[in-house]
Amino acid sequence: MNNINTKKFDNKNIVIVSMDKSMLCNVAQIASATLGSSFVNEEILDNDINLCAKIDDKIVAYATTKFIDLDYLEKIIRDKKLQLEKEYEKIGYIDSIAVDENYSGYGIGTLILKNTISKLRENKIGFAIMAGWKNQDIVNIKGLAIKEGFKEEFLIENFWKEDSIKFNFDCTACGKPPCLCSAIIYTKKL
């Protein structure tokens with residue numbers, strides 16, 4: 001673990017920027033350490049909202065979000081049901097949020113999620129969903145999700161299994177595909 005200042009970073013030191021191709025290598029390194037190797041590739045640049053958090057020009061976190069429709073939502077939640085109003089033709093699927101392990105616990109995840117939610121609202125998206133990785137009894141984004149007003153909906157077993165095989169990404173818990181980790185689904189009306 002790198003040595004960094006143990007003081008809390010204030011918002012003046014953290015800059016949230018739109019992700020571009022030049023940042024992909026740094027984003028992939030953060031994803032690899034926190035979520036698993038090959039989890040991030042160039043395809044995420046096609047997402048609708050991609051943000052990075054920087055401190056002194058170093059990328060320390062990222063969030064990727066895509067606008068989905070109800071059909072895509074059904075693929076994500078599979079046989080589970082959500083009570084959604086018909087008005088939500090587009091939904092914000094917060095696909096991935098990760099913070100460099102050396103910068104975890106400084107409020108950077110909260111800041112990047114707040115910025116993501118702000119961008120969703122700017123795009124007239126009224127509903128957001130995200131999946132929290134469940135590893136044993138720990139859900140990686142539970143505290144962040146609840147703090148930001150997301151509601152815990154349900155558990156989906158083997159959530160990343162198909163994607164881990166299709167995209168050949170190694171899970172930090174399961175190793176080589178298939179990933180057998182479960183996900184907790186969180187939702188929020190914006």
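Two strands pair if DSSP finds at least two bridges between them. Keep that in mind as you work through these exercises on a predicted model.

**Exercise 1. Follow strand β2 into its partner.**

Task: Find which residue in β3 stands opposite L51, and describe how β2 and β3 are joined.

Solution:
- Begin with the pairing: β2 covers residues 49–55, and it pairs with β3 in the antiparallel sense over seven bridges.
- Next, pick out the partner of L51, which is A63 in β3.
- Now look at the connection. The two strands form a hairpin with two residues between them, and D56 sits in the turn.

**Exercise 2. Look for unusual backbone geometry.**

Task: Examine D56, R78 and the peptide bond from P177 to P178, and say what each shows.

Solution:
- The background comes first: most residues other than glycine have a negative phi, and most peptide bonds are trans.
- D56 is not a glycine, yet its phi is positive, at about 50°. This residue belongs to the loop between β2 and β3, and with a relative accessible area of 71% it is exposed.
- R78 also is not a glycine and has a positive phi, here of about 55°. You will find R78 in the loop between α2 (70–77) and β4. Its relative accessibility is 33%, so R78 counts as partly exposed.
- The bond from P177 to P178 is cis, with omega near 5°. P178 is placed in the loop between α5 (161–167) and β8 (182–189).

**Exercise 3. Place β3 among its neighbours.**

Task: Is β3 largely enclosed or left open by the rest of the structure, and which residue in β4 stands opposite I68?

Solution:
- Start with burial, where under 20% relative accessible area means buried. Ten of the eleven residues of β3 pass that test, so the strand is largely enclosed by the rest of the structure.
- On to pairing: β3 and β4 are antiparallel partners joined over eight bridges. Within this pair, I68 stands opposite I91 in β4.
- Recall from the first exercise that β3 also pairs with β2, again in the antiparallel sense.

**Exercise 4. Examine T64.**

Task: Work out where T64 lies, how accessible it is and what it touches.

Solution:
- T64 is part of strand β3, which spans residues 58–68.
- Its relative accessibility is 1%, so T64 counts as buried.
- Leave aside the neighbours within four places in sequence, and the contacts of T64 include M19, I44 and N47, then I49 and N50, and also Y93, I94, D95 and S96.
- To link these contacts to the strands, note that β2 covers residues 49–55 and β4 covers residues 91–99.

**Exercise 5. Move on to β5.**

Task: Describe how β4 and β5 run relative to each other, and how covered β5 is.

Solution:
- Three bridges join β4 (residues 91–99) to β5, and the two strands run parallel. G92 stands opposite A128 in β5.
- β5 spans residues 127–135 and is mostly covered, with seven of its nine residues buried.
- N135 belongs to β5. At 29% relative accessibility, N135 counts as partly exposed.
- For a distance check, take N135 and K161: they are 26 residues apart along the chain, and their C-alpha atoms are separated by 14 Å.

**Exercise 6. See what helix α1 touches.**

Task: Using I30, find which residues the helix meets away from its own stretch of chain.

Solution:
- I30 lies in helix α1, residues 24–34. Its relative accessibility is 5%, so I30 counts as buried.
- Beyond four places in sequence, I30 is in contact with I59, V60, A61 and Y62, and also with A98, V99 and D100.
- Take A61 from that list: it is 31 residues from I30 in sequence, but 7.2 Å away in space, C-alpha to C-alpha.

**Exercise 7. Step back to the whole protein.**

Task: Summarise the element order, the overall dimensions and the surface of the protein.

Solution:
- Count the elements: there are five helices and eight strands. From the N terminus they run β-α-β-β-α-β-α-β-β-α-β-α-β. The radius of gyration is 16 Å, close to the 16 Å that the globule rule gives for 190 residues, so the protein is as compact as a globular protein of that length.
- The C-alpha atoms fill a box of roughly 45 × 40 × 30 Å along the principal axes.
- Buried residues make up 47% of the 190 residues. The accessible surface comes to about 10,500 Å², and 45% of it belongs to carbon and sulfur atoms.
- Finally, of the contacts between residues at least 6 apart in sequence, 72% join residues at least 24 apart.

Methods:
Residues numbered from 1 in each chain as written. Predicted model: local features only at pLDDT ≥ 70, side-chain atom pairs only at ≥ 80, totals over all residues. Heavy atoms only, no water. Helix = DSSP H or I, 4+ residues; strand = E, 2+ residues; numbered from the N terminus. Rg over C-alpha atoms; globule rule 2.2 N^0.38 Å. Buried < 20%, exposed > 50% of the residue type's maximum accessible area, 1.4 Å probe, protein only. Contact = heavy atoms within 4.5 Å. Areas by Shrake-Rupley, 256 points an atom, 1.4 Å probe, with all protein chains shown as cover.
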